[in-house]
Structure formats: C-alpha cells, structure tokens
Amino acid sequence: MHERDRVSVGVPRKRDPELAALMHAVGCRPAWLTLTLVALGSVAMTASGLDLALPLWLRYLPLAASLVLFGLPHGAVDHLAPARAAGEPITVRWLGVVGTLYLLLGGAYAALWVVAPIASAALFVALTWLHWGQGDLYALDALGSSHLDSTGVRAGTVLVRGGLPMLVPLLRYPERYRAVVDAWVALFGRELHAAWLFTPDTRLAVGLAFAALSVGTLAAGYRADDRGWRRDAAETWLLWAYFLVVPPLIAVGVYFCVWHSLRHVGRLMGVDDGARTAFARRGTVAALLRTGRDAAPLTAVSIILLVGVGVAAGVDTDPRVLAALYLVFIAVLTLPHVAVVTWMDRAEGAGLG
C-alpha cells in the first residue's frame, strides 16, 4: 500500500499534494488549453463563415476519437478501480462484483432502450449530468478547493458542472441538439415529441435559471483568499463560453475526451500506486501509459461488442446513425460506471458528503 492516507467511509480525504499534482498535470492543463483553443477557433470560423462548410464527418470526429482517446477507455478500468480505492488487493471477488454490476445494470438499461427509448434518452442525460458533475467535484477537491465546505455548495457544483455540457448547447444550437436526440430514438423506430423544449421562450427561461444557479453557487462558496474558488469560477465561465460558441457535436466530443475523461484518468492514477510511482519517477506520459495498459483489454472488448451490435442490427453507415448507436452504447455502460464511481466516492470520503 502506498504511504498516502487511506480514509474511512464518509471521512473527507486529507490534502494529498501528489494527487493534486496528478490532477493538475493530467486533468487540468491539457483541458484548459484544448478547450480555449477550440473555442477561439470556433469564433474565428463563425466570423469568417467557414463553420457552415465543415463536412459532416469532421463534426463527428471528436466523438469517434473518444472510442480510443480517453473517452471509452476511461471507464475500462472499472474492474480494478474499486479495489484500489478501498486499498485492497484485486481479487476474483472484486472482479466478479464489478462484472455482475455491469451485467445487471447494463443489461436492464439496454432492455429499457428497446422498450422506452425516449425515457432512456432522458435518463441518459440525467445520468451524464450527475456523472460529469461528480467528476468535476472530485477534481476540485483533489486540487485542494476549500470553498466546497457545505453540502449545498457541493450539490450546486455538481448541478452546475454537469449541466454545462448537457444544457448550455441547447441554448445556442437547439436544432442540432434536437437532431442528436432524434437520432437516438429513431434507432428504435420512435419520434421525439417535445417541440416545446426547443422554443425560444423555454430556452430563455432555462438559460436564465441556469445562469442564476451558476452565479448563486459560486457566490455561496465565495472565499476572497481561496485560490480554489478562483479556479472554480474561471473554469465555470470558460465552460459557459466554450459551450455557447462551439457547435454541440464538436464541443461535447472534445469535452468528453480531454476534460471529463482525463480528470477521471487522473483519479484512476491517484488510487493506483504503480501509476503514482510512474508519475513521480518518469512523468505524466509514463503514468498515462500504465493506466492505458490497464484500460486496453476492456476497451478492445467494448469496441468489438459495439461493432458486433451494429453489424447484427444492420445499422446504416451514415455518421449520424453510427453516432447515435455509439451514444446508446455509451449510455448502457454509463449506468454501471456511475454506480462504480459513486461507490468510489463513498470509499474515498468524496462526493456530496
């Protein structure tokens, strides 16, 4: 066991400088730089009119890249992460528990997509909202943000951070947002009857309410001398700007790969003594390669399974249809993944407590 402190369930994690360094190097600097550059590039292309000429395949490229570039792989270490978070050896029992969890929850959710795709799509949005919010909350904690000292501020942070990629694209790009959701439910021969959600009045009301939540949450946690609060505020407004100026498919695809997934990879490194040692001795790339090695087998299995489902179902090769299939596949994996991460939160004294 590494010399870092293990914590009892429900007891907050002590300040861990090594984890903070990992999170900053892996989950923060690449994300800040990438999202800023993509946002500036999008503004420049919109101003010049070039964004209208973007080929369809290029808009789907970030989502496709997430198959192998952190997106899908970041959940492919779930069979190892719970034991490591608990400070226990990886045993057949641990592997069996996680495997059973994926089989039961993933299987049930896959069945729900077949019989109730609209409800399943809504559940996926809610799950992703929660999961991306809890991922950012963990990262802020790891970086030593002392302003997150009440359940109300922590819950608000989860709602804001998870809602930014889920909600803000709807405000600026309602038709493109709706096209993605329509493609999900169309896979199952259904149509989305929710035109009211995309009207200007609804989007204005939702946008104002969410902006108020963003400001209110930051105000409730305000600490004049807290560097963590300033980082939280800067990231929040960066994400607001990013999702307002970058088209949804590109915005969410890039965010999924280099923001959410890399932050979870930083967390995985934090519970893996081998990755910590590699980071301390040989740097970020060595730690990433070690975690990538852990993720490679189940990433390959997942890709093979996804391709097999697509071939067996005779899915059209149109990028929009393939993306819809991939998102449904991700949704099925997200439910057990959220369960694993929530258990890790409890084991590490993280989360909303």
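1. The loop that joins helix H2 (56-65) to helix H3 (81-86) is where phenylalanine 70 is found, and this is a predicted model, so the values in this note are computed from predicted positions. Phenylalanine 70 is not a glycine, and yet its phi is positive, at about 75°. Is this residue buried, partly exposed or exposed? With a relative accessible area of 25%, phenylalanine 70 is partly exposed, because the buried class ends under 20% and the exposed class begins over 50%.

2. A positive phi also appears after helix H5, where glycine 144 follows the helix with a phi near 90°. Helix H5 itself covers residues 117-142, which makes 26 residues, and at 1.5 Å a residue these should span 38 Å. The C-alpha atoms at the two ends of H5 are 37 Å apart, which agrees with that expected span.

3. Threonine 100 belongs to helix H4, which is made of residues 92-115. Its relative accessibility is 41%, and therefore threonine 100 counts as partly exposed. Which residue, 236 positions away in sequence, has its C-alpha atom 9.7 Å from that of threonine 100? The residue is proline 336, and the pair shows a wide separation along the chain together with a C-alpha to C-alpha distance of 9.7 Å.

4. Turning to the whole fold, the protein chain contains 13 helices and 0 strands, so that, read from the N terminus, each element in the order is an α element. The radius of gyration of the chain is 20 Å, close to the 20 Å that the globule rule gives for 353 residues, and so the chain is as compact as a globular protein of that length. Along its principal axes, the C-alpha trace spans about 55 × 50 × 35 Å.

5. The contacts of the chain can be sorted by how far apart the partners lie in sequence. Among contacts with a separation of 6 or more, 77% are between residues 24 or more positions apart. Threonine 100 and proline 336, at 236 residues apart, were described above by their C-alpha distance, which is a separate matter from contact, since contact means heavy atoms within 4.5 Å.

6. As for burial and surface, buried residues make up 48% of the 353 residues in the protein chain. The chain exposes about 15900 Å², and carbon and sulfur atoms supply 70% of that area. The chain carries 29 positive and 25 negative charges, and the mean positions of these two sets are 3 Å apart.

Technical notes: Residues numbered from 1 in each chain as written. Predicted model: local features only at pLDDT ≥ 70, side-chain atom pairs only at ≥ 80, totals over all residues. Heavy atoms only, no water. Helix = DSSP H or I, 4+ residues; strand = E, 2+ residues; numbered from the N terminus. Rg over C-alpha atoms; globule rule 2.2 N^0.38 Å. Buried < 20%, exposed > 50% of the residue type's maximum accessible area, 1.4 Å probe, protein only. Areas by Shrake-Rupley, 256 points an atom, 1.4 Å probe, with all protein chains shown as cover. Lys, Arg positive; Asp, Glu negative; His and termini not counted. Charge placed at Lys NZ, Arg CZ, Asp CG, Glu CD. Expected span 1.5 Å × (residues − 1).
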